[in-house]
Amino acid sequence: MTLTNRELKRYDRQINIQEFGRKGQENLKKAHVVVAGAGGLGSSVSLYLTAAGIGHISVIDHETIELSNLNRQILHWEKDIGKSKVESAVEKLTQINSDIEITGIKEKINEENVLKLLKGADAVVDCMDNFRTRFILNDAILKLEIPFFHGACYGFEGRATTIIPKKTPCLRCIIPKSPPERKVPIMGTTPGTIGTIQATEVIKFFAGIKLLLTNKLLIYDSRYLTYDLIKIERNPKCPSCGD
Ligand SMILES: [Zn+2]
């Protein structure tokens, strides 16, 4: 997939990175990435993937925008309150980059529709706010054998890891049981940071830059500004990916 003159100009600064180059940009253009969730993490992830030139981005979310979302969901503005998150996301993202394809899917992800929703995707970014849906996505990406870029936030803390089916631990290897579902407190910038890390991982993955957050869990604490990397391993008895 060759790049147009406009694309060469638009992405010039990243094409100029030695390990990235034209080939990296062409691979980004070929990719179809699903951003599951258009909230705090989804805002940051989708903005950067759009700007970077991922060829096709699908954003899935079923919610509508509320005032209490605006401290962190920077894709959505005051004028959007009451609108669906997907509609607002598509509107903003197409204005940032009209050279790529952006699809909005207003649906709640469940066991029945997940494979249909992820059809044709080359990767999924976990921008959910609950582990029940994260596990549904986790099981689906294992079936589809596509990478899954996990991110989660609580207060000042955020976590991220990159899951490659059969090669790295899956989400259930590291979190066997879903934590209780409740409204979690979130410092607005935490999903900004974690989402940027997830987007960086997606871009590196498609550009062929091998140093990924695989077999490692990154734990970020914005109070102390610490980033800890914890080694993680596959659980052979994992209900999702075990033998
Ligand atoms: Zn597993």
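G42 has its place in helix α4, and in this predicted model the residue is well out of reach of solvent in one specific sense: G42 counts as buried because its relative accessibility is 1%, and buried means under 20%. Leaving aside neighbours within four places in sequence, G42 is in contact with V35, G37 and C127. If you pick out N215 as a landmark, its C-alpha atom is separated from that of G42 by 23 Å, with the two positions 173 residues apart along the chain.

**Helix α4 and its partners**

What does helix α4 pack against, and at what angle? Helix α4 spans residues 40-52, and it packs with helix α9, residues 189-207, at an angle of about 40 degrees, the axes being 8 Å apart. The two helices are therefore oblique to each other, and α4 passes α9 in a right-handed crossing. On the α4 side, the contact is made by G40, L41, S44, V45, Y48, L49 and A52. On the α9 side, P191, G192, I194, G195, T196, Q198, A199, V202 and I203 take part.

Helix α3 joins this picture too. Its residues run from 21 to 30, and the buried ones are G21, G24, Q25, E26 and L28. These buried residues pack against α2 (12-15), α4 and α9.

Y11 sits in the loop between α1 (5-10) and α2. With a relative accessible area of 3%, Y11 is buried. Not counting neighbours within four places in sequence, Y11 is in contact with Q25, A51, A52, G53, N97 and I100. Of these, Q25 is also among the buried residues of α3, and A52 also belongs to the α4 side of the contact with α9. The C-alpha atoms of Y11 and A51 are separated by 8.7 Å, although the two are 40 residues apart along the chain.

**The zinc site**

Which residues hold the zinc ion? The SG atoms of C170, C173, C238 and C241 coordinate the zinc ion, at 2.2 to 2.3 Å. Along the chain, these donors follow the spacing C-x2-C-x64-C-x2-C. The angles among the 4 donor atoms run from 95 to 123 degrees, and the site is tetrahedral. For reference, the ideal angle for four tetrahedral donors is 109.5 degrees. Two of the donors can be placed by their accessibility: C170 counts as buried at 1% relative accessibility, and C173 is buried as well, with a relative accessible area of 11%.

**Loop residues**

T214 is found in the loop between α9 and β7 (216-221). Is T214 buried or exposed? With a relative accessible area of 18%, T214 is buried, since the cut-off for buried is under 20%. Residues up to four places away in sequence aside, T214 touches T162, I164 and T168.

Two other loop residues deserve a look for their backbone. Most residues other than glycine have a negative phi. K166, in the loop between β6 (157-163) and α8 (171-174), has a positive phi near 70 degrees. L225, in the loop between β7 and β8 (226-231), has a positive phi of about 55 degrees and is not a glycine.

Here are the relative accessible areas of some loop residues side by side.

| Residue | Relative accessible area | State |
|---|---|---|
| Y11 | 3% | buried |
| T214 | 18% | buried |
| K166 | 58% | exposed |
| L225 | 59% | exposed |

Key: Residues numbered from 1 in each chain as written. Predicted model: local features only at pLDDT ≥ 70, side-chain atom pairs only at ≥ 80, totals over all residues. Heavy atoms only, no water. Donors = N, O, S within 2.8 Å, 3.2 Å for Na, K, Ca; no water. Tetrahedral: all angles 85-135°; square planar, octahedral: opposite > 155°, others 65-115°. Buried < 20%, exposed > 50% of the residue type's maximum accessible area, 1.4 Å probe, protein only. Axes fitted to C-alpha atoms, helices over the stretch in contact; angles between N-to-C directions. Helix = DSSP H or I, 4+ residues; strand = E, 2+ residues; numbered from the N terminus. Parallel < 35°, antiparallel > 145°, perpendicular 65-115°, else oblique. Left-handed = near helix turned anticlockwise from the far one by under 90°. Contact = heavy atoms within 4.5 Å.
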